Structures are given as structure tokens and as C-alpha cells.
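Work through the exercises below with the sequence and the coordinates at hand. Each task is followed by a solution in steps.

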Amino acid sequence: MKKAGSASNPLWYKDAILYELHVRTFQDSNGDGIGDLPGLISRLDYLQDLGVTCLWLLPFFPSPLKDDGYDIADYTSVNPTYGTIDDFKRFLGEAHKRDMQVLIELVINHTSDQHPWFKAARQAPPDSPERDFYVWSNTDQLYKGVPIIFSDTEKSNWTWDDTAKAFYWHRFFSHQPDLNFDNPAVMDEVLKAMRFWLDLGVDGLRLDAIPYLVERDGTTCESLPETHAIIRRLRAAIDAEYTNRFTLAEANQWPPEVRPYFGNGDECHMAFHFPLMPRIYMALRQEDRLPITDIMAQTPAIPDSCQWGLFLRNHDELTLEMVTSDERDYMYFAYSADPRMRVNSGIRRRLAPLLDNNRQRIQLLNSLLLSFPGTPILYYGDEIGMGDNIYLGDRNAVRTPMQWNSDRNAGFSTANPARLSFPVVMDPVYGYQAVNVESELADQSSLLHWMRNMIALRKLFQVFGRGTLEFLNPENRKILAYVRHYDPTSPSREATPIGEKRNVTSPGTETILCVANLSRFAQPVSLDLSEFTGMTPVEMLGYVPFPRITDQPYPLTLAPYSFFWLELQVTPENLPSSQ
Amino acid sequence: MASTPANTAAAPVEVTPPPEANLLIHLSTVSPEALEPALANLALAFPGLPLTVAVPDIAPNLTATNSFNTFQLFPYTPAATSTTSWILTAADYFNTFKLAQERNAPACLLLGAESHTMSPESIRNLGAAALSNSDLAVAHYHPRPHEGLLNSAIFYPVTRALFCARPRFPLALDLGLSLRMAERLATVAQRFTAANQEDALIWPVSEAAVAGFPITEADIPHRTAPQPAATDLNALLGQIAGSLFSDVESKAPFWQRARATVPARTITAVPGPTEPLNVTSMLESFHLAYSNLHEIWALVLPPHTLLGLKRLSVMPQEAFRMADNLWTRIVYDFILAYRLRTINRGHLLGALTPLYLAWVASHLILVHSGIPAERHIEELAIAFETDKPYLVSRWRWPDRFNP
């Protein structure tokens, strides 16, 4: 039976706070050393209390786990080590009961080589329907020049299969053969898998590796028109059969190239803004706003029903694919002194270690994450400042178990520590004895409390998820200043004027001035706020009114790595009377 | 409630209902013996006006109403039933909208228990307000100095300050509703009735404020208030204040940005209280709690407030006076603790009861000294408005390290 979506507002994802977690490393309930769905259910109160509104679960399907679950062997069931389909249904119900939506992965570019489809394909004769589920060739010279994504481990996008006596195509690991979307039967199966989860009431689907669905010789095999046609078919099925669901595109591309993934509002609802993330780190280290303002200037407008997904860190490396080679070198020098911190084209570190565990820097970057136009996505553990383990292989450095308390295995599991899927972080700075949820809940001044307060504050204002953004250009480039504005009566974001034409005084409008100091030293700044003459900036965290704005430059002084969120309010004597 | 010609700040609504208006009147709780006087009053209130009077299917003689032949009497079986009759509940709002929708009524009056004690003129006032341009007309009663103090101490000043809404009785028993207001309230009510919480309370004034619907008040000088089934103050405060605090929590995005000013009420001189002053038991409760509950209060209240309570605890009865700003901070900090679940919510509201009794004692002592009760209530409401930024700032940054 098809269940309705849990959200009541069709644009709910624009106001959401996403929280990315892995069932495997979040909470183990049965002492086998591996996280599971009942364990996750037992931690939902914590997540609700944190204030996040949508849980993004990394793949939890049956899998050989050679790529942490992105190598799927069965699309419509649950990996038995994580629980059962009934456990998932219970999890979904419990999350919805707490007003949290659920986003899961739809990994359709490839399967595991252990998927029954691939096992049948390699056994089947050439050109048979079974063989045709994947992309085969008698030569590895087809699609020459297409980049290799996992360049550290793969030397070619083709791998010879002895059983099939042919090469098969894979954009990722060789154990992840790409599905052949030129075969209509593949699309039918993908739609079946999608409907299976949406029918259960899942609220969103993250479309993994979506640019690589279709291959054509002589191209980069990325973002082809045929790929967009497939996305539109998925979207049309969702729109026709379901309400209040959303899709999130993983397209690690430059903003103008990601733009087509929104289509005319008929492809993906959301897409990650990959290039912004490394530039936030770059701007911080260079103490210069230019990398941020530059990439935002290159970011095209998107349809009004669409949204950018913003993040500081995730389960992968801090990807540096979307920077120039000079910028990549700079980032390596700045953030990965030890070569073990690097993997593929990126840096496999968590937020806190990247920022040398500096509380002000962590808060500053989170303030940007929460105030930039888009939906913020938090990575599990970053809310308490968890560290990483660069001695684990691949990207597992940032996939260690959640640190709940200072008990054995950080409270994650009662198993023998040697049985854990990954060891807990135990170093003296980030180890679970020093960094854990329990101690931070007890400490009113902890990062966890700060995050909780900031999330709650952001949720009070729709402007962050829905409003326009306009950068100010103060002389001091160590200061990043921008105005967020939202007019609920405006027919669309594009139609909302910026600058002096905008309406900032009508009831319901929200106008917020954000000012951030990217420098390690205190900085002065004078802002041209003449458009808002007569209004009163009210510091939003403490609800403290600042001096009224005049037509003169507005002076502010910011402590190192500090920021202001200032709500521009109509000055009290100009307020209307109530009934 | 007995009559006192006190606060008349609620401007009488002058609008005369158009004769063709099809007003639905829902007597949500009416006993068989009160039905006839209630209908008689309605007949006098709206002579010749086409009315539908909906009454729960409670008595066999419901059809014997020929003497009120301008009415269409409509006995109905409630879609949702509540066991609480002394106050309006989710079931009442749900049923009202269903009835209004079925009867295609543009507006309706929802009258609570003992509505037969209202004068025809009062009912007419409310009806006129309901048919005016307002979406919500709220009864404005004239309580005696000893009456309705939970409302005066908490519900009114909190609702006024947070939602910038004027009604003196945000949980009034008698309301006029436009169809869209009734629908909005029914939508909220349905969330409760669907969870078998038909007795849940709903706060129409804050709902109207959030929706941006116009609100007005209608003067009801005479009315007998039904008595709550539970006479235990703890239970009563837990039920109503808990509901209000939950409502405040759910509407935080709205009230944190609501900043319109509510015009001051005009307070007219009224005779002082005739009852003898007897606050000894209230003060005893407060003093006992000061010894027993201090540790709990310390979890909720900041040091400045605790210091104020310490000073209060040693004041002699004749000089006992809880400053308005002290009570304001207490209520705001309890609202915040309720949101943060600092302690079990039931225990939290229980710890508020003796503080409330101290406020009542202070208020009554003040009133017996010659200060008009309504003037004090008005000053208190202004104190809540003035200190609203304190609640906003603590709500946004609930650091316990504060003054």
C-alpha cells in the first residue's frame, strides 16, 4: 500500500536542515559491532533535540560493502546486518512521528558485481537481454579519454571479465559495473526500486553519481542529453504518483554545468553546490572573501522550486575536483600537511581537524553554512567536533563510529572493541573520552549546544532557505558581508527585486544582514547600508538592538573569526498598532 | 461571572447584522434544563433573524421549540465528543466547523457552558462582532477582583505580549468565528481529535494572530462561569498553562517577530472588593515551597529572580508585594524551561503553582489597598510586553549563564 509523504508543504526541503549519517556507524543495538536500524531508532530523540529535520541515510541495502554500501546487490531490501525491512518501516514511522523526513540513496549508475543482474549478465550470451543490463565492449578503447574518478585505485574505466569474455564499463571501482540505460528494461527496474521506497513513505531520494548514467563515444560521458531525459522520467513518475517528495542530485560539476540538473523545475529538486565548499575553506585560510564571492557570482539562478544543497563536510573526501590546479595545490598545502590525509582528488578529514579544532573557526564556517542560500547538510559527528582517523583506508578516515559517551566503544556498541566495523577515534584531542555527546550535552558551553541553538535560530526565519542573497563590497576584503531578503508575497525568488527596489518594511518580509570576519585578528568594516536608512539592526542571537542605520557608512568591529546576524527591523516608533 | 462595571476598554461593536445573515449558533455544552432559557435569550437577542441553533442531541424535547419559530433548531450528533464541559475543547471547535460547513453559514457563534446566563444584549454584541469584518470575536467578561486570576496572571499578559493581540480573555468561553477562522481552528483541533485528545485546549487568539486574521472583542458584562471539574489548582494550572506553553513553543517563529504595539486599555474607576482579604493560606503555600522547591526553582530561574524570591519570602504579609517584572521573568523562564524540558513538564508546572499563589496574594493585597484590579492587570501586561526581548533572547540562546 502506498503511504503518503510525511511533509505537508511541497517546498519543505527548502526549509529543512539535513543530517547525513551512516546506519553502520551511528548506533549498534545488538552488540555485533555494526550499527543498525534499531540502534538508529534509539537515537532519534537526540536528533530531534538537535533540531535537524531530515535524515539522510547512506546506503543500507544488501552489499558486499567494498564501497561502503554504494555497491548495491539488492535494491529493495535491507542489509541483514543493519536490520530488516520491518525495522526500516519502524524507523521511518518513528522519524516521521518526530517531524523528521527521511532521505535515502538511489544509486542507479552502477550496481555491485555481486548483484544478481550482473551475475546473470556475465553468464549470458552477448546481446541477450540479461547481458544487456550492463555496458559491454570487446575493446577497452571505446569512450577513450573519459576521466577516471577513483584514480588512486583504478587505471581504466574498463575491466576485462573472464566469464563474459568482454570488457565492462565502470566509472567508479571495477567491482561497480555501470548499468546500461540504453536498455529500457533497466529503466523499468530502476523505477520499480524507486517506487518500492516511495511507497513505504520515504520523503527523498539522493541520486548518486547522476551525471554518468549514459555513455556516448567522443564525449566525456557526463551530463549527456540522454542522461537528462532519464532524470526527467524519474521526476515525472514522482510528480505523477507522489506528493511532497524530493530528489537531490549528486553532480560534482561547476555551477553552470549543474544548472541543467534542475531543468525547468522538471528534473531534480535539489543539487549539491560542490564548488562552494572548498572555496569556503580557501577564503578562511587566505583571509579573503574573494573565493566565495567569485564562485557565488558564477552560480546561475535556478528555478524557484529548486534549491542548492550546502555542506562543509560529508562522507567522501573534501573534493577538490572543482578548483583549479593552483587552488588544489594551495588546499593541499593548507589543509593536508600529512600525505595520508589525501585521497583521490581531495582531503579525507573531518571539519574539526581541518580547522585545527579552533572553536571560533568551526562556528564561523557553520554560520556561513546556515546563512547561505540553500539547505544546509550536516555530517554526523561534526556537531560535536568529532575527529578522524587518517590511518584507516580510503574515505573511512571520516566514517568512524559516532561518539556518544566515554564508555567502551564510545557508547556506540557493547561489542569487543576488536569486532567494531571501524575503530572509534581514540587520540588525545578528538578521542571519545574527550569528545562525545554526553559530555557536550552536560556542558552548556559546548559546540553541541551552540549548534543546537544556531539550528533553532535558523529555523525561525524562512529567509535563509528561501530568500535572495546580495553581497556587499566593503573595502576590507577580510570581511564577508551579505544581505538575505525574503518577501513571501513575491511570486518567485527571481521576481524579488534586490537593492533599493526591494520591499523591506512590509509585514512578513525578512531582511538579514550577515557579516563575517574571515581573519584571525579583529577587523573594522564600514558598510553601505543607506538602502536601509532608518531601520534598526537587531543582533539575532541575543536579540540586541544596534544603532539605527543612517545614510552614512555603518561601522562595525568584529572579533577574530566572529560573525553577526543582524535582522533589519522597522524602528519601534514606526511600528503599526495591533487590533 | 458577576457584573462589575469595570473595564470597558473593549469597544462595543456597532455593526448591525444584516437581516439575511445566516448565523449559526452552536451551544456546545448545554444542559437540558438550561436549553429553554438559552433559546429564549437567543430569541430576544436576534428577533426575526434567520438563525440555525445547533445543539448536541441531548434531550427528547428538542423539537418542542415552536415558540422560537424564527430558529431552525438543529440537534446533531457530535463528530467528536469531549468529557470536558467547563471550557471549549478541540472537540467543540471541530464540531463547530463541521456544522458551519454543513449549514453553509458564513459565521458562527460558539457558546460555552452556562451561556444561558448571558444577557440577550451580550449575545447580540457577540453576534454583531462575528458578522463584522473580524474573523474572531472574543468575549470580554467583567470578572470580580478574585475571579479569573490565572487568566490575568498568565494567559492574558503572555498572549498579549507574544502575539500582540488585545483580547483580555484569550481562552474565552464564547466566541464569534468567521467560516475561515472556524476552519483554521478545526484543522488544529483535528490534529488532537485524530490522536484521541478531544479534550485538548486550543488558543484561538494566537491562531488568529498567526493567520493575520482581524480580532475584536465583544463586551459581556454578565455571565456565570462554569466551574472546572478539577478543583485542584495544580491540575488546572498543569492543564491550561501546559497547553499555553506548548502553543507558545509551536508558534515561536511567529511571535519572535511580532512587534506591533497593543494600545493601552482605558481603565475606569470601580468599587473595591467587598470580600475580606484572606491570603494567609496562599502565603503559607509559597513559604513552604520556598523551603521545599528551591532546588527546582534554581534549575529554572536565574540568580536575579531567585534573589527576588528570597526577598519576597521574608516580607511580612502587610507589605507583601511581588513586583510585576519579577513575575514576568518567572513566567518567561518557566515557558523557556518548558520548551527546553529542563525538568519533567508536570513537575515544572507543579513548581509554578506556589509562585502563582504568591502573585495572587500580592495582587489581592494590592487591590484591597485601593488599586483597581484592572489597572494592575494592565500594568502587568505592559511589563510582559516591555520584557518580551528577554524571552526572545533567552529562547534564541538559552544559556544558563545569565543574570
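**Exercise 1. Salt bridges**

Task: State how many salt bridges the structure holds over all chains, and find how far apart the closest N and O atoms of A:E189 and A:K192 are.

Solution. The model is a predicted one. Over all chains, 46 salt bridges are counted. One pair is A:E189 with A:K192, whose closest N and O atoms are 3.2 Å apart. This is inside the cut-off of 4 Å, so the pair qualifies. Both residues belong to helix α6 (residues 184-200) of chain A, and because they are three residues apart there, about one helical turn separates them.

**Exercise 2. The two domains of chain B**

Task: Give the bounds of domain 1 and domain 2 of chain B, then describe the contact between domain 1 of chain B and domain 2 of chain B.

Solution. Step one is the assignment: domain 1 of chain B covers 19-231 and domain 2 covers 280-396. Their C-alpha centres are 32 Å apart.

Step two is the contact itself. Domain 1 of chain B contributes 15 residues and domain 2 of chain B contributes 23. About 1600 Å² is buried between these domains, with 69% of that area from carbon and sulfur atoms. On the domain 1 side of chain B, the residues losing the most area to domain 2 are B:L149, B:A153 and B:R160, which together make up 30% of what that side buries.

Step three is the polar part. Three salt bridges are counted between the two domains of chain B. Eight residue pairs are in polar contact across this interface, both residues being at pLDDT 80 or more. By class, the side of domain 1 of chain B that touches domain 2 has eleven nonpolar, two polar and two charged residues.

A separate check concerns B:E374 and B:R168: they form a salt bridge, with 2.9 Å between the closest N and O atoms.

**Exercise 3. The contact of chain A with chain B**

Task: Find the area buried between chain A and chain B, and say which element gives the largest share of the side of chain A that touches chain B.

Solution. Begin with the residues: 22 from chain A and 24 from chain B take part. The area buried between the chains is about 2100 Å², and carbon and sulfur atoms give 54% of it.

Next, look for charged pairs. One salt bridge is found across the interface of chain A and chain B. B:R257 and A:E510 form a salt bridge, their closest N and O atoms being 2.7 Å apart. The count of residue pairs in polar contact between these chains is five, again with both residues at pLDDT 80 or more.

Then assign the chain A side to elements. α15 (447-459) and β22 (563-569) of chain A each supply at least two of its residues. The largest share, five residues, comes from α15(A). Sorted by class, this side of chain A has 13 nonpolar, seven polar and two charged residues.

**Exercise 4. A sheet in chain A**

Task: Write down the strand order of the open sheet of six strands in chain A, and explain why one side of β15 and of β20 is left without a neighbour in the sheet.

Solution. The order is β15-β16-β17-β22-β19-β20 in chain A, with antiparallel pairing. β15 (468-471) and β20 (544-545) of chain A are at the edges and have a single partner strand each, so one side of each lacks a neighbour in the sheet. Inside the sheet, β19 (residues 536-539) of chain A runs antiparallel to β22(A), and four bridges join them. One of the bridge partners can be named: A:T536 is matched with A:Q569 in β22(A).

Terms used: Residues numbered from 1 in each chain as written. Chains lettered and ligands numbered in written order. Predicted model: local features only at pLDDT ≥ 70, side-chain atom pairs only at ≥ 80, totals over all residues. Heavy atoms only, no water. Domains from an automatic or database assignment. Contact = heavy atoms within 4.5 Å. Buried area = accessible area lost by both parts, 1.4 Å probe. Salt bridge = Lys/Arg side-chain N within 4 Å of Asp/Glu carboxyl O. Polar contact = N/O pair within 3.5 Å; in protein donor to acceptor, adjacent residues only side chain to side chain. Nonpolar A, V, L, I, M, F, W, Y, C, P; charged D, E, K, R; others polar. Pairing = 2+ DSSP bridges.
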